[in-house]
Amino acid sequence: MLKGIIFDMDGVLINSEPVHYRVWKQTLAARGIELDYEIYKPCIGSTNGFLMDILHDNYEISRDDEELVKTMKQIKEQVIKEEGFPMIEGVPQLLKRLKDGGYCLAIASSSPLSYIRQVVTTLGIDSYFDILVSGEQVKNPKPAPDVFLETAKQMGLDPEECLILEDSANGCRAAKAAGIVCIAYFNPDSGKQDLSSADMVIEGYEEIDTAFLEKVYCHGRHLPAVVCETERLRIREMSERDIPKMMEITSQGTPDTAEGVEKSLEEELEAFPSYRKYMYEMCDMGYWVLEEKESGTIVGRAGVEPKIWNHNSSVVELGYLIDEKHRRKGFAYEACRGILEEAKKRGAVYLYCRIRSANLASKKLARKLGFSKIDYRLEDDCEDMEVYRYTCSD
């Protein structure tokens, strides 16, 4: 269960990386050294100590040059005094959403602790954070996992209960080394960072909410994520333990509803990890479990899957099947209605379904949901298969 969100600060909460480089460039210029960005870039997301190692290796500067660090801090203080801290758009709103969602929030930054406190206090966001941790408080800087593990410890949480927001390659690698799910914020001002080790890459905070973070967390942990909820139903992804029940429901299909080749339980279980990775974690689609919220009973399955029709048309197809013990209770309409609303939120344009001519109940449901029959036939379909289309825009 996700309980804590850990933020990097520089490049995630404030757009400070260009300022850091400018300050260090000015500091070294006073020594007659032109700081090359490509030499500086590997230290993004790490500590000053890490940078001093880089400066030693490339410019023969002592790792213990306290006078250089002192000069840098003086220049930095003057820049901050004149320019302030450039907060990234949407940060206060994001923090409020997550705090209201009940998460414990923390900062795990490579910057000194005094600087972290100065930033959050000056920007008026200090009340959102329960814990502040500096990379200078641990033995090894990012990309080692030390600062994230220490932060989780101070939060009173296991790493498995946390999620990290980072913007640097070093930070993403540190998150993975800590065994923590990681979302990378693509900040073009942080340099060309390799964010491939993150579980998800985002470009802004406007649409990030608790539901999104829960889904990323579940996918990172290979857990079934909740897709949406209706008045009576929780529509969620399958887990291995659901497969026997899903097979039982599928076996109840009539000739009017059944499609595909029946597989054994062993075959279904063997194929599920690949299905989960591709359909749930990559496509964010798939067939989902319909779970009655009050009782926890599985009443059916429904979902959407990407399909290629007639070798050239990419479509998203809706399907459902209700357990025979729970039919004629309105679950099919409620589930499909919820899925259509979720599809609209995700920006879908059209959804399609295929229904056999003799399946009067499904044809009636399709029309009730707003689907319209179209003149289209798949090459491999039988003659009595009809195609319906739903337009997601209002």
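These are my notebook entries on what I looked up in this predicted model.

**Entry 1: the whole chain**

I started with the overall picture. The chain has 394 residues, and 49% of them count as buried. I found 13 helices and 14 strands listed for the chain. Along the principal axes, the C-alpha atoms fill a box of roughly 85 × 45 × 40 Å.

**Entry 2: strands β9, β10 and β11**

Next I followed the chain through three strands. Strand β9 covers residues 286–292 and strand β10 covers residues 298–309; the two run antiparallel and are joined by six bridges. To get my bearings in this pair, I looked for valine 289 and found it opposite arginine 301 of β10. The hairpin of β9 and β10 has five residues between the strands, and glycine 296 in this hairpin takes a positive phi near 80°.

I then moved on to strand β11, residues 313–322, which pairs with β10 in the antiparallel sense over 10 bridges. Which residue of β11 is the bridge partner of valine 304? I looked it up, and the partner is leucine 318.

**Entry 3: the turn between β10 and β11**

The hairpin of β10 and β11 has three residues between the strands, and I checked two of the loop residues by name. Asparagine 310 sits in this loop and has a phi near 50°, which is positive although the residue is not glycine. Histidine 311 is in the loop between β10 and β11 as well, with a positive phi of about 70°, and it is not a glycine either.

Are these side chains buried or exposed? Asparagine 310 counts as partly exposed because its relative accessibility is 21%, just as the cut-off for buried is under 20%. Histidine 311 is exposed, since its relative accessible area is 66%.

**Entry 4: tyrosine 320**

I stayed in strand β11 to look at tyrosine 320. Its relative accessibility is 29%, so I noted tyrosine 320 as partly exposed. I also took a distance to leucine 105: tyrosine 320 and leucine 105 are 215 residues apart in sequence, and their C-alpha atoms are 39 Å apart in space.

**Entry 5: salt bridges**

Side chains of opposite charge can pair when their charged atoms come close. A search of the whole structure gave me 33 salt bridges, and I went through a few of them.

Glutamate 317 pairs with arginine 354, with 2.9 Å between the closest N and O atoms. Glutamate 317 is in strand β11 and arginine 354 is in strand β12 (residues 350–356), so this salt bridge ties together parts that are 37 residues apart in sequence. I checked the burial of both partners: glutamate 317 is buried, and arginine 354 is buried too.

Arginine 356 makes a salt bridge with aspartate 384, the closest N and O atoms being 3.7 Å apart. Why does this pair tie together parts that are 28 residues apart in sequence? Arginine 356 lies in strand β12, whereas aspartate 384 lies in the loop between β13 (372–374) and β14 (385–391). Arginine 356 is buried, at 18% relative accessible area, while aspartate 384 is partly exposed at 32%.

I also noted a network. Salt bridges with shared partners join Glu229, Arg234, Arg236, Asp242, Glu291 and Lys293.

One more pair went into the notebook: the side chains of glutamate 342 and arginine 346 meet in a salt bridge of 3.1 Å, N to O. Glutamate 342 counts as buried because its relative accessibility is 15%. Arginine 346, at 34% relative accessible area, is partly exposed.

**Entry 6: a negative patch**

I turned to the surface and found a negative patch formed by Glu89, Glu206, Glu207 and Asp209. Where is glutamate 206 found? I traced glutamate 206 to the loop between β6 (200–202) and α9 (210–221). Glutamate 206 counts as exposed because its relative accessibility is 56%, and the cut-off for exposed is over 50%.

**Entry 7: a cis peptide bond**

My last look-up was a backbone one. The peptide bond from lysine 142 to proline 143 is cis, and its omega is near 20°. Proline 143 itself lies in the loop between β3 (131–134) and α7 (146–155).

Notes:
Residues are numbered from 1 along each chain as its sequence is written. Side-chain values use heavy atoms; hydrogens and water are left out. Two strands pair if DSSP finds at least two bridges between them. Helices (H or I, at least four residues) and strands (E, at least two) are DSSP runs, numbered from the N terminus. Patches are made of residues with over 30% relative accessible area and no salt bridge: like charges are joined within 9 Å, nonpolar side chains (Val, Leu, Ile, Met, Phe, Trp, Tyr) within 5 Å. Accessible areas come from the Shrake-Rupley method with a 1.4 Å probe; for residues, only the protein chains shown count as cover. A salt bridge is a side-chain nitrogen of Lys or Arg within 4 Å of a carboxyl oxygen of Asp or Glu. Lys and Arg count as positive and Asp and Glu as negative; His and the chain ends are not counted. The place of a charge is taken as NZ of Lys, CZ of Arg, CG of Asp or CD of Glu. Buried means under 20% relative accessible area, exposed over 50%, partly exposed in between (1.4 Å probe, protein chains only).
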